[in-house]
Amino acid sequence: MYVVARILEALLEGERAAWRLAARARVNPRRLSQYLAVMEERGLVARDGEYYVATEKGADLYHQIREIIEQLTDADLQDAVRRRGKRK
């Protein structure tokens, strides 16, 4: 999920060639190619020549993933604070 989010985040900044996308999203180029194939098949990204862009569906998914990650992070942080408070 994190890899998909990083790819979509990079594409929401603007269209990118695959090699630039790999560097920006911190994904191995070979692995990125696999992700992009699946993401394109599912309508999350589109290809225009050598450039990739996030589709509206991809942008929506990115925002949903961010919300889930933020909720999980907030919940984990709150749990850690509670556990730490019980130790004292």
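Strands β2 and β3 (residues 51-54) of this predicted model pair in the antiparallel sense, and four bridges join them. Two of the partnerships can be picked out directly: R47 has Y52 as its bridge partner in β3, and V45 has A54 as its bridge partner in β3. The hairpin formed by β2 and β3 has two residues between the strands, and G49 there takes a positive phi near 65 degrees.

Strand β3 also has β1 as a partner, again in the antiparallel sense, over two bridges. In that pairing A17 stands opposite Y51 of β3. Put together, the three strands form an open sheet with the order β1-β3-β2 and antiparallel pairing. Its edge strands are β1 and β2 (45-48), each of which pairs on one side only. As general background, the strands of a sheet are held in pairs by backbone hydrogen bonds, in either a parallel or an antiparallel arrangement.

## What packs on the sheet

Helix α1 (residues 2-12) packs on this sheet and touches β1, β2 and β3, with its direction at about 100 degrees to that of β3. Helix α3 lies across β2 and β3, running at about 105 degrees to β2. Which residues of β3 are on the covered face, and which on the uncovered one? Y52 and A54 belong to the covered face, while Y51 and V53 belong to the uncovered one.

Within α1, the buried residues include V3, V4, A5 and I7, and also L8, A10 and L11. Here a general point about helices helps: an α-helix has 3.6 residues a turn, so residues three or four places apart point the same way. Just after α1, the chain reaches G14, with a positive phi of about 145 degrees.

For the wider picture, the protein has four helices and three strands, and from the N terminus on its elements run α-β-α-α-β-β-α. Buried residues make up 28% of the 88 residues. Among contacts with a separation of 6 or more, 50% come from residues 24 or more positions apart.

## The α2 and α3 pair

The axes of helix α2 (residues 18-25) and helix α3 (residues 29-41) come within 10 Å and cross at roughly 105 degrees. An angle from 65 to 115 degrees counts as roughly perpendicular, and α2 and α3 are therefore roughly perpendicular to each other. On the α2 side the contact is made by A18, L21 and A22, and on the α3 side by P29, L32 and L36. By class, the residues of this contact divide into six nonpolar, no polar and no charged.

The loop between α2 and α3 holds R26. This residue has a positive phi of about 55 degrees although it is not a glycine.

## Three arginines to look at

Is R16 buried or exposed? With 18% relative accessibility it falls under the 20% cut-off, so R16 counts as buried. The other two arginines can be set beside it:

| Residue | Place | Relative accessibility | Class |
|---|---|---|---|
| R16 | strand β1 (residues 16-17) | 18% | buried |
| R24 | helix α2 | 30% | partly exposed |
| R26 | loop between α2 and α3 | 58% | exposed |

R16 has a polar partner: its side chain makes a polar contact with the side chain of E13, at 2.6 Å. Leaving aside neighbours within four places in sequence, R16 is in contact with A10 and L11, with L21 and R24, and with E50, Y51 and Y52.

What does R24 touch, not counting residues up to four places away in sequence? The list is E9, A10, E13 and R16. R24 can also be related to I7: the two are 17 residues apart in sequence, and their C-alpha atoms are 8.1 Å apart in space.

The contact lists of the two arginines meet at A10, which appears among the contacts of R16 and among those of R24. A10 is also one of the buried residues of α1. E13 can be traced in a similar way, as the polar-contact partner of R16 and as a residue touched by R24.

Note on methods:
Residues are numbered from 1 along each chain as its sequence is written. This is a predicted model: local features need pLDDT of at least 70, side-chain atom pairs count only at pLDDT 80 or more; totals for chains, interfaces and linings use all residues. Side-chain values use heavy atoms; hydrogens and water are left out. Axes are lines fitted to C-alpha atoms, for helices over the stretch in contact, and angles run from 0 to 180 degrees between N-to-C directions. Angles under 35 degrees count as roughly parallel, over 145 as roughly antiparallel, 65 to 115 as roughly perpendicular and the rest as oblique. Contact means heavy atoms within 4.5 Å. Ala, Val, Leu, Ile, Met, Phe, Trp, Tyr, Cys and Pro count as nonpolar, Asp, Glu, Lys and Arg as charged, and the others, Gly among them, as polar. Buried means under 20% relative accessible area, exposed over 50%, partly exposed in between (1.4 Å probe, protein chains only). A polar contact is a pair of N or O atoms within 3.5 Å; within protein, one must be able to donate a hydrogen and the other to accept it, and residues adjacent in sequence count only if both atoms are side-chain atoms. Two strands pair if DSSP finds at least two bridges between them.
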